[in-house]
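Please open the model in your viewer and keep the selection panel at hand. The tour goes from one selection to the next and says what is there at each stop.

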Amino acid sequence: MANLAYHALLPGWLAAVAGLPMRFDKENMARLFRCPFRCPLLLICLLFLSAAWADEMPQLTLEAGMHSARINDAAADDDGRWLVTVSDDKSARFWNLDDGHLLSIMRVPAREGSEGRLNAVALAPNGEHVAIAGQTGPAFSAARRFSIYVFDPATARLQQVLPGLDHAVAALAWSPDGNYLLAGMQDMGGIVIFDMRSGRWLAADGDYDAAVSGIDFSADGRQIAVASRDGWIRRYRFSNSSLKRDTLRLIPDGGEPGHLHFSPDGNQIALGMADKLQVQVLQAEDLSLAWTPPVRGIAAPAKERAGLANVAWSADGGRLCAGGRWMRGSRAMIRCWDSAEPSHYTDFPGAEGSLASLQILADGRITTTGRAPGWALLTADGNALSRRGPPAQTVEKEGLRVSPDGTQVALRFKDAGVLAFSLTEGRMEEVPEQLLAEKSAITGLREDWADTRQPVFHGQALSLPDQEIARIAVTSADGRRIVIGTDMLLTAFDANAQRQWSLPVSGPVRQLAISGNGRWVVAMAGDGILTWLRASDGTPVLHLFMHSDQKRWVMWTPAGYYEASEGGENLFGWLLSERADAAADFFPAGRFRQRFRRPDLVAHAFEVNPSLPASGMLGQIAPPTLSVLSPGNEIEATSPRVHLRVAIRSLGEALPTGISVRVGGEPVEVAQPRMPAKQGRVPELVHEFDVEIPQHDTDILVFASNRNGVSAPATVHVHWEDPLWDQQLQRPKLYVLAVGVSRYALPAQNLTFPAKDAGDFVAALRQGSTSLYREVEVRKILDEQAGRDEILEGLDWLRHQVTHRDVAVLFLAGHGVTDDDGTYYFLPWDGDPDHLKRSGVIYHEIRNTLTALPGKALLFIDTCHAGNVLGNTARRTGNADMTAMINELTSAENGVIVFSASTGRQYSLENPAWGNGAFTKALVEGLKGAADYRKTGRITYKMLDVYVSERVKTLTGGKQTPVTIIPQGVPDFPVVALPAAADCGKCGRE
């Protein structure tokens with residue numbers, strides 16, 4: 001639902017022909033049609049370009065570290081090291097099974113609608129190649145043919161395109177020797193085999209009456225089995241590059257087949273059923289029924305189309321497992337039988353949602369993916385080793401409420417309470433359950449509407465498009481309009497059963513509501529995105545995504561203008577596909593912060609028509625892309641020096657200007673590439689260089705830059721088998737600059753605790769620094785000492801003192817002010833809010849200092865004060881929205897860890913009873929030991945974050961929510977070490 005964007009700009013040469021500016025508006029359109037000799041040429045040009053121009057359109061898409069739409073297939077390598085998953089969200093993701101982290105994302109060329117949705121994946125036995133396919137290729141082919149895309153998963157580089165298929169791909173399988181790729185087609189396309197050594201079509205069988213549902217090679221590669229939805233099972237002999245079908249048989253008990261797999265010895269075939277809770281084991285030789293595993297105790301709700309479509313054998317053939325649409329709660333269940341004694345079986349839950357894939361690894365572990373989306377790695381007896389769930393929390397059935405004017409929503413989450421969001425205030429907060437209003441009754445709709453093709457509204461049958469099935473419905477308060485959600489569409493009808501509008505959605509509609517004033521329809525599809533649409537015509541005007549951590553959020557218009565929380569702006573971005581033989585590029589929204597972060601446009605999205613698109617000609621304003629060619633995205637290190645080979649590419653004509661590297665979050669110097677001598681679009685630039693790394697696990701982040709900005713990072717995860725971590729040899733120095741202003745030259749601006757907060761914070765750091773740092777240097781600048789020049793001198797001191805592997809801490813407490821342009825200033829003791837440019841410390845000085853530091857950098861900032869609110873003597877002196885500043889500082893290329901006292905539009909609170917502001921009180925308690933919940937004697941910054949977050953909310957009754965944002969690639973590390981004799985169970989807590 002969120003993938004809506006369009007061009008705003010004319011190509012430069014076309015505008016030049018017309019003698020017009022490059023932007024459409026009312027005046028320019030009038031000029032266009034007053035030019036009789038230019039109009040025919042323009043119209044011809046526009047018609048000629050329309051298809052190709054639309055093809056280059058960027059798509060707005062969610063990116064929250066996990067698939068945002070259902071997972072359709074998955075594959076693990078033979079050694080059980082990696083897992084690849086593919087989804088309707090048009091991405092394939094490469095996972096490390098040991099620790100569950102994401103290694104790379106592969107994106108095929110994509111367009112609006114279904115183009116780019118991925119149905120199938122196959123991972124080569126050596127793990128070096130992955131084939132992905134589905135609704136892939138026709139938009140890029142003049143003949144509307146489909147393609148298979150082959151990537152190197154370690155680098156996410158597209159290696160090969162296998163084009164020319166007449167049907168979308170439903171299933172893929174790699175031969176055991178890695179030489180051949182088998183593809184099963186949708187519709188009646190049959191099967192195709194490619195010789196991967198030459199990339200050529202080797203053999204095919206198109207004699208099918210329905211889509212292929214399952215394919216498999218036998219372990220020796222000489223047999224192929226295929227199941228299709230026409231009810232037939234086919235077995236082929238495959239040898240000497242020759243394909244021969246020698247057995248064809250209807251499923252013994254009838255029904256619709258699902259996946260199938262050969263037993264390890266090749267003598268039997270396990271067949272899952274898509275339409276019934278049954279598994280059949282066939283003799284491979286003649287496809288006769290050998291045995292049927294018992295399914296007693298397996299059941300599904302009467303209305304559900306349940307089945308056990310997924311099957312898998314253990315490596316020794318002694319175990320057979322199956323799962324599918326057999327659910328308990330939100331998880332798919334798996335049953336595993338003993339092959340020798342099928343009456344002996346075990347049941348256990350898999351991933352969230354109905355099962356998409358099932359595989360038993362060589363060591364007996366089990367991988368399972370669910371359509372929720374999510375995946376799980378289980379032990380042989382079903383205990384979870386690791387899980388990855390969807391990026392959005394599951395909302396209870398009918399758990400969406402909307403305010404009468406549509407500007408506020410509340411969601412009831414499973415096991416997570418109720419969360420409310422205000423569009424006008426840009427704020428997310430927890431609310432008590434009792435504040436969730438009752439859902440409006442559905443009026444005029446006959447009770448048997450659910451799961452039907454023709455619901456009856458006011459006595460008349462509604463005709464849903466494309467024979468869709470009604471899953472969810474809502475009516476307006478006056479009962480004159482009904483909106484129905486299906487698996488693929490959102491459709492509105494009037495009281496006379498006339499269809500008013502219909503809109504494709506990204507997945508099944510899960511939540512649906514109409515505002516009390518009848519103007520807005522609010523819908524949530526499977527990706528967790530809330531979309532506001534005009535009820536009159538179905539036009540989307542705003543999208544909102546709230547992450548499952550209940551901290552990060554982002555809302556954006558269909559044009560691409562956005563507003564986000566701290567750490568939330570990179571939850572979405574633009575997907576850009578240039579051509580058929582190149583992978584799609586993804587640009588996080590934060591890469592265009594200065595241009596597209598427009599809180600003003602987002603705040604007024606309800607009041608005006610959708611604005612001109614932000615994303616026109618995106619390629620011309622985009623930063624470069626960078627990928628690591630070698631050694632891949634995960635390595636085992638044996639030397640403190642790593643040799644990298646990278647590729648840099650600019651989409652437009654902005655030449656690369658250099659690269660930068662961070663190791664463990666700290667900047668390092670590397671050799672720069674030789675840049676092209678002249679402007680203009682250049683081929684991919686390849687560069688090789690060495691990077692020094694510490695002898696322990698770390699991440700290497702590599703960036704490329706051009707005049708448009710800095711690329712998203714390419715990451716290399718480094719693992720050491722025997723890491724060296726000699727704290728005595730590597731003890732850093734700690735540099736602390738603490739600025740606190742309580743007394744101002746203008747007494748009306750005075751605060752109570754910032755100066756004391758700065759002193760108490762420094763004291764807590766000193767107390768915990770003896771054994772952790774070899775030396776501590778502190779500068780405190782308080783009250784009248786904190787003039788603009790003195791603060792700038794302090795920043796300069798920090799910049800010149802900190803060296804590699806030192807730790808720098810900047811603490812700022814006082815007033816912060818944002819000017820009319822949205823620029824943040826820290827207010828010195830003699831600062832004048834009416835003359836910020838000459839009297840305030842501009843944010844750029846703070847940014848330039850912190851981002852230039854060669855060591856680790858932490859910023860603690862408490863500058864959005866509301867006075868003594870809890871003591872009822874509040875005076876609001878200007879709340880600075882620091883969201884943009886925090887998001888820039890914490891970008892991966894800047895690497896600054898930021899602790900902020902409050903979210904962008906909240907105030908920081910102070911109270912004499914605490915003796916500090918709430919934020920500093922929690923910090924001091926945590927640093928003195930209260931944050932040591934692991935009882936390790938050390939407080940890491942992540943431990944401090946957990947403690948401060950909960951403590952501040954408790955102190956202020958939820959009125960203040962601190963925020964900690966951690967840049968990508970920065971590992972957790974200790975900030976203080978506690979005295980050995982301290983009893984840290986209650987350290988620091990009053």
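Select Cys 321 and Cys 336, which in this predicted model form a disulfide with their sulfur atoms 1.9 Å apart. The link joins distant parts of the chain, since Cys 321 belongs to strand S23 (residues 319-328) and Cys 336 to strand S24 (residues 331-338), with the two positions 15 residues apart in numbering. If you turn the view to look along the S-S bond of Cys 321 and Cys 336, you will find an angle of 110° about it, and the link is right-handed. Add a surface to the selection, and note that Cys 321 is buried, as is Cys 336. By the distance rule applied here, the count comes to 1 disulfide.

Move next to Cys 864, which is buried because its relative accessible area is 0%, a value under the 20% cut-off.

Now select helix H14 (residues 941-955), whose end C-alpha atoms are 21 Å apart; this agrees with expectation, because at 1.5 Å a residue its 15 residues should span 21 Å. Colour the buried residues of H14, among them Tyr 941, Leu 944, Tyr 947, Val 948, Arg 951 and Leu 955. Then display what the buried residues of H14 pack against, which is strand S63 (856-862), strand S66 (896-900), helix H13 (918-930), strand S69 (938-940), strand S70 (963-965) and strand S71 (974-977).

For the last stop, step just past the end of H14 to Gly 957, where the backbone takes a positive phi of about 60°.

Note on methods: Residues numbered from 1 in each chain as written. Predicted model: local features only at pLDDT ≥ 70, side-chain atom pairs only at ≥ 80, totals over all residues. Heavy atoms only, no water. Disulfide = S-S within 2.5 Å. Helix = DSSP H or I, 4+ residues; strand = E, 2+ residues; numbered from the N terminus. Buried < 20%, exposed > 50% of the residue type's maximum accessible area, 1.4 Å probe, protein only. Expected span 1.5 Å × (residues − 1). Contact = heavy atoms within 4.5 Å.
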